[in-house]
Amino acid sequence: MIEHIRSSNVQRFAGFGALYDESRPTAPQELIQILTAYLGSNPETVVDVGCGTGLSSFLWLNDAERIIGVEPSDDMRAVALAKWENMNKPDAIQFMNGLSHELELPSDSADIVTCSQSFHWMEPQSTLREFARILRPGGVFAAYDCDWPPAIDWEIEGQYMKLTSLGDQRASELAPNHEQAHKWNKDEHLKQIQSSGLFRYAREIVFHNWESCDATRYANLALSQGGLQTAIKLGAKELEAEAAAFRQLVEKAFAGEERSILFGYRMRIGIV
C-alpha cells in the first residue's frame, strides 16, 4: 500500500516543473541562520530531500561545502539540473534520484537534512529513521512549509483557496483509487519527530518573508498547486475557466504593478 502511495505522490509532480520553479518562493536567509545556529557552525554537508527544482538546494551554495538534492520526480529534477548547468556546474552541489526512506548515502554523513514543502508527501516514520541514520551526532533535521496562500488581500486569498480546493476535489474524484496521492498532515510533523524517539530535541519555529510579486506570478502560485495540476491533467476542463477568472481578478488588483506579498513559514526541527 505504501509503495502505491509513494508512486502516486511522485507522479503528482509530473509535467509542471518549469511553472513550479518560476512561481514558488525561495526560503529566506533566516532559514540558514536558524539552522546553522542549532548546528553550531556552517554545515559541511546539507542533504535536501524532495528538493523539487532545486529552489531549496541552491539556497545553501554560499553556506555549505556540499549540497545534495534528492528528488524522485524526473520532471522536477530536470529543471534543477538545467539550472545547475547554466551556473557552470558548481562542484559543491549535485542532484540525485531517490526516495526519502532509502537514501543511497553513508551513515553519519550529513550535518543538516531539509525537506522544503515536501515532508508531507513522505511516510514519516521510515523517512525519519533514514534521516537519523545519515545525520551525524548533533545534526539537524528541518521540515519547513509555506502557509498558502501568501498574504496580500482577503478577496484574492479567498478565491485562491476556492480554486485550489476545487482542484483537490476534482483530482480526488477523477483519479483511480490506486493513483490517489496521499498527504500526511503537516500539523502532525512535530509530533512525528517527537514520537520517533530518534531526536533528543524537537520544536516548531515560525518565521516570514516579504517578496515582490507581479500578477502573473501570484496567479501561477495557485496554478502550481499539485491538486489543480492533477485535475487538469485528468480532464477537468471546467477548471481552466475558473483559473482564467482567478487570473483576471489578480490582474485587476495588481493593476500592472508589482506588490509585496507575505510568505509565512512553519519549520519543525529535530536534533539527533
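A salt bridge here is a side-chain nitrogen of Lys or Arg within 4 Å of a carboxyl oxygen of Asp or Glu. With that in hand, let's walk through the charged and aromatic contacts of this predicted model.

**Salt bridges**

Twelve salt bridges are counted in total. One of them joins the side chains of D21 and K83, with N and O 2.6 Å apart. This contact connects distant parts of the chain: D21 belongs to helix α2 (residues 17–23) and K83 to helix α5 (residues 74–86), 62 residues apart. D21 has a relative accessibility of 17%, so this residue counts as buried.

Other bridges stay within a helix. E130 and R133 are both in helix α6 (residues 124–134), three residues apart, about one turn of the helix. Helix α7 holds a pair with that kind of spacing too: E173 and R170 are three residues apart, about one turn of the helix. Here are the three bridges side by side.

| Salt bridge | Closest N to O distance |
|---|---|
| D21 and K83 | 2.6 Å |
| E130 and R133 | 2.9 Å |
| E173 and R170 | 2.6 Å |

How accessible are the residues in these helices? E130 is buried, at a relative accessible area of 10%, while its partner R133 is partly exposed at 29%. In helix α7, E173 is partly exposed, with a relative accessible area of 48%. Elsewhere, E44, D111 and R136 are joined in a network of salt bridges.

**Aromatic pairs**

Now for the rings: there are nine aromatic pairs. Y160 and Y218 make an edge-to-face pair, with centres 6.0 Å apart and 70° between the planes. Y160 sits in helix α7 (residues 154–174) and Y218 in helix α9 (residues 215–223), so to speak a link across 58 residues of the chain. Both ends are out of reach of solvent by the accessibility rule: Y160 is buried at 1% relative accessibility, and Y218 is buried at 0%.

Why is the pair of F207 and Y265 called stacked? Their ring centres lie 5.1 Å apart and their planes meet at 5°, and planes under 30 degrees apart count as stacked. F207 is in strand β6 (residues 201–213) and Y265 in strand β7 (residues 259–271), so this pair ties together parts 58 residues apart in sequence. Both F207 and Y265 are buried.

F119, F131, F141 and F199 form one aromatic cluster. Finally, a charge meets a ring where R259 lies over the face of F254, 5.6 Å from the ring centre.

Definitions and conventions. Residues numbered from 1 in each chain as written. Predicted model: local features only at pLDDT ≥ 70, side-chain atom pairs only at ≥ 80, totals over all residues. Heavy atoms only, no water. Phe/Tyr/Trp six-rings, centres within 6.5 Å; stacked < 30°, edge-to-face > 60°. Helix = DSSP H or I, 4+ residues; strand = E, 2+ residues; numbered from the N terminus. Buried < 20%, exposed > 50% of the residue type's maximum accessible area, 1.4 Å probe, protein only. Lys NZ or Arg CZ within 6 Å of the ring centre and 35° of its normal.
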